[in-house]
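The following exercises are to be worked through with the sequence and the three-dimensional model at hand. Each task is followed by a solution in steps.

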Amino acid sequence: MRTAPTEQPSTQRTDRATHAAPASLSALGQVPWSDIRDSTGSAVGIPPLLRSMARGDADTARAALKELRGRICQYGFVVEQATAPTVPFLWELARTPQVTCRPQIIQLLRSIADARQWESVAAVYPKLLNHRENPVVWERRARQAVRARSGALRELLAEQDGEISRATTELADALAE
């Protein structure tokens, strides 16, 4: 029986065959990234960031996650339409032991699940809902995308890594509201 070395953190384990690779990253090509927008314009820069998070060392993954956060959910706002299509890939990365920034990915999912700023703005300025580019719709779709994959919470809550467990508990609490 093969076991992971004890000095290796749980976010670095590679011994679980069921999570050998984030399989859905191959589905990145199925999303029309050039047709949707993130905070920088075209969302074509999102797939390379997700790949860097999946395969990069800790510093590379953290830098990619920071840039991704700025493109899809910053200051508690779902900033563009690319957020919802990105969420399934975030869930897959959060469930992959080799990914070094898993707790931070789970925290980003929680930020997306909590995002209601555009709805609050629309309550005060209902004309916002009449715009062709409706940020309230982006926000709702992004929250729905987080909820759609919430079945993974049980697996993440069972993680032995305390940071992952804490972040997952916070995400579960946000989804329960």
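**Exercise 1. The surroundings of Val44**

Val44 is partly exposed, with a relative accessible area of 47%; buried means under 20% relative accessible area, exposed over 50%, and partly exposed in between (1.4 Å probe, protein chains only). The model is a predicted one, in which local features need pLDDT of at least 70 and side-chain atom pairs count only at pLDDT 80 or more, while totals for chains, interfaces and linings use all residues. Residues are numbered from 1 along each chain as its sequence is written, and side-chain values use heavy atoms, with hydrogens and water left out.

Task: State where Val44 is placed and which residues it is in contact with, leaving aside its neighbours within four places in sequence.

Solution.
Step 1. Val44 lies in the loop between β2 (41-42) and α1. Helices (H or I, at least four residues) and strands (E, at least two) are DSSP runs, numbered from the N terminus.
Step 2. Once the neighbours within four places in sequence are set aside, Val44 is in contact with Trp33 and Ser34; contact means heavy atoms within 4.5 Å.
Step 3. Ser34 is 10 residues from Val44 along the chain, and the two C-alpha atoms are separated by 5.3 Å.

**Exercise 2. The chain as a whole**

Task: Give the order of the elements in the chain and the share of its residues that is buried.

Solution.
Step 1. The chain has 8 helices and 4 strands.
Step 2. Starting at the N terminus, their order is β-β-α-α-β-β-α-α-α-α-α-α.
Step 3. Of the 177 residues in the chain, 45% are buried.
Step 4. Among contacts in the chain with a separation of 6 or more, 66% are between residues 24 or more positions apart.
Step 5. The chain exposes about 9400 Å², of which carbon and sulfur atoms supply 50%. Accessible areas come from the Shrake-Rupley method with a 1.4 Å probe, and for residues only the protein chains shown count as cover.

**Exercise 3. Helices α1 and α2**

Task: Describe how α1 and α2 pack, and then place Pro48, Gly56 and Thr60.

Solution.
Step 1. Two packed helices are described by the angle between their axes and the distance between the axes. For α1 (residues 46-55) and α2 (residues 58-72), the angle is about 145° and the axes are 8 Å apart. Axes are lines fitted to C-alpha atoms, for helices over the stretch in contact, and angles run from 0 to 180 degrees between N-to-C directions.
Step 2. α1 and α2 cross in a left-handed sense; a crossing is left-handed if the near helix is turned anticlockwise from the far one by less than a right angle, and right-handed if clockwise.
Step 3. On the α1 side, the residues in contact are Ile46, Leu49, Leu50, Ser52 and Met53; they meet residues of α2 including Thr60, Ala61, Ala64 and Leu65. By class, the contact of α1 with α2 has 9 nonpolar, 2 polar and 2 charged residues.
Step 4. Pro48 belongs to helix α1 and is partly exposed at 41% relative accessibility. Its C-alpha atom is 8.5 Å from that of Ala64, 16 residues away in sequence.
Step 5. Thr60 belongs to helix α2 and is partly exposed at 34% relative accessibility.
Step 6. Gly56 is in the loop between α1 and α2 and counts as buried, at 18% relative accessibility. Beyond its neighbours within four places in sequence, Gly56 is in contact with Arg51, Ala61 and Thr100.

**Exercise 4. Helix α3 and its partners**

Task: Describe the packing of α3 with α6 and with α4.

Solution.
Step 1. The axes of α3 (residues 83-94) and α6 (residues 135-148) come within 8 Å and cross at roughly 20°. α3 and α6 are therefore roughly parallel to each other, a term for angles under 35 degrees.
Step 2. The crossing of α3 and α6 is right-handed.
Step 3. Thr83, Ala84, Val87 and Trp91 of α3 meet Arg141, Ala142, Ala145 and Val146 of α6.
Step 4. With α4 (residues 102-114), the axis of α3 comes within 9 Å and the crossing is at roughly 145°. This crossing of α3 and α4 is left-handed.
Step 5. Residues of α3 that meet α4 include Thr83, Val87 and Trp91.

Key. Ala, Val, Leu, Ile, Met, Phe, Trp, Tyr, Cys and Pro count as nonpolar, Asp, Glu, Lys and Arg as charged, and the others, Gly among them, as polar. Angles under 35 degrees count as roughly parallel, over 145 as roughly antiparallel, 65 to 115 as roughly perpendicular and the rest as oblique.
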